[in-house]
Amino acid sequence: MGIEDFLSSGNIRLDQQLKFTAEIDKMTSVYRRTLLVDGSRRENDAEHSWHIAVMALLFKEYCVEEPSVERAIKMCVVHDLIEIYAGDTFAYDVKGNMDKAAREQEAADRLFAQLPQEQGEEIRALWEEFDSMATPDAKYAACLDRIQPLLHNTLTEGHTWRDNAAVRAQVEARNQVVKEFMPEVFEWILKNLDRGEQRGWLK
């Protein structure tokens, strides 16, 4: 049972799109460090991507520049696709982040080549734009990518921070884009970091 059971439509383009759709089901098996809010298990990449895509509908009013919600949502749903092959690299894993870019470029080459060329190029461009954080749309999507796991940490007694001996300065540095692009939300983050430090969740 699996992709070997795929029945061709007789249309090469459609077959590529259908097989890609089946391939990205693997996101449900890529587990992140972040716990679900109920603490029952770690979330997977597909859940995380869905979650921040919904968030993109909610928080635009806090941005210092107006983003395109539609483009931000697109970035949210594709930004972790390459982790199907590259795996999830924990934000505060110094060693893992050393070769992250190379692993992800290789994964992007492999993954996006499976689509019809112009669609592969379009989705890769969205992934690259997200990664660069240079446009308002990318900054907004990147903010959400950081706010969501932080929110989960605040509701799970700092689980990921505690498990990985996270240091407050690391968390603040990772959320610099929120400070610059969504300053009101960053003030809420600081309050939570204060509490995390007081409770021993953060060093």
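So, Trp201: it's buried, at a relative accessible area of 9%, where buried means under 20%, exposed over 50% and partly exposed in between, using a 1.4 Å probe and protein chains only. Before I go on, this is a predicted model, so local features need pLDDT of at least 70 and side-chain atom pairs count only at pLDDT 80 or more, while totals for chains, interfaces and linings use all residues. Residues are numbered from 1 along each chain as its sequence is written, and side-chain values use heavy atoms, with hydrogens and water left out.

Back to Trp201. You'll find that residue in the segment after helix H12 (183–198); helices here are DSSP runs of H or I, at least four residues, and strands are runs of E, at least two, numbered from the N terminus. What is Trp201 in contact with, leaving aside neighbours within four places in sequence? Asn153, Thr154, Glu157, Gly158, Trp161 and Arg162, plus Arg195 and Gly196, contact being heavy atoms within 4.5 Å. With Glu157 there's also a link from the Trp201 side chain to the backbone oxygen, at 3.5 Å. And Glu180? That one is 21 residues from Trp201 along the chain, and their C-alpha atoms are separated by 25 Å.

Now another tryptophan. Trp50 sits in helix H2 (residues 45–55), and with a relative accessible area of 53%, Trp50 is exposed. Its C-alpha is 9.1 Å from that of Ile73, and the two are 23 residues apart in sequence.

On to the rings. How many aromatic pairs do we get? The count is 2, taking rings of Phe, Tyr and Trp (its six-membered ring) with centres within 6.5 Å, and calling planes under 30 degrees apart stacked, over 60 edge-to-face and the rest tilted. One of them is Phe59 with Tyr62, a tilted pair at 6.4 Å centre to centre and 45 degrees between the planes. Phe59 is partly exposed at 26% relative accessible area, and Tyr62 is partly exposed too, at 29%. Then there's Phe112 with Trp127: the planes are at 50 degrees, with centres 6.3 Å apart, so that pair is tilted. Here the pair links distant parts of the chain, with Phe112 in helix H6 (residues 100–112) and Trp127 in helix H7 (residues 117–132), 15 residues apart. Buried or exposed, these two, Phe112 and Trp127? Both are buried.

Last one, a charge over a ring. Arg110 lies over the face of Tyr85, 3.6 Å from the ring centre; the rule wants NZ of Lys or CZ of Arg within 6 Å of the ring centre and within 35 degrees of the ring normal.

Definitions and conventions: A polar contact is a pair of N or O atoms within 3.5 Å; within protein, one must be able to donate a hydrogen and the other to accept it, and residues adjacent in sequence count only if both atoms are side-chain atoms.
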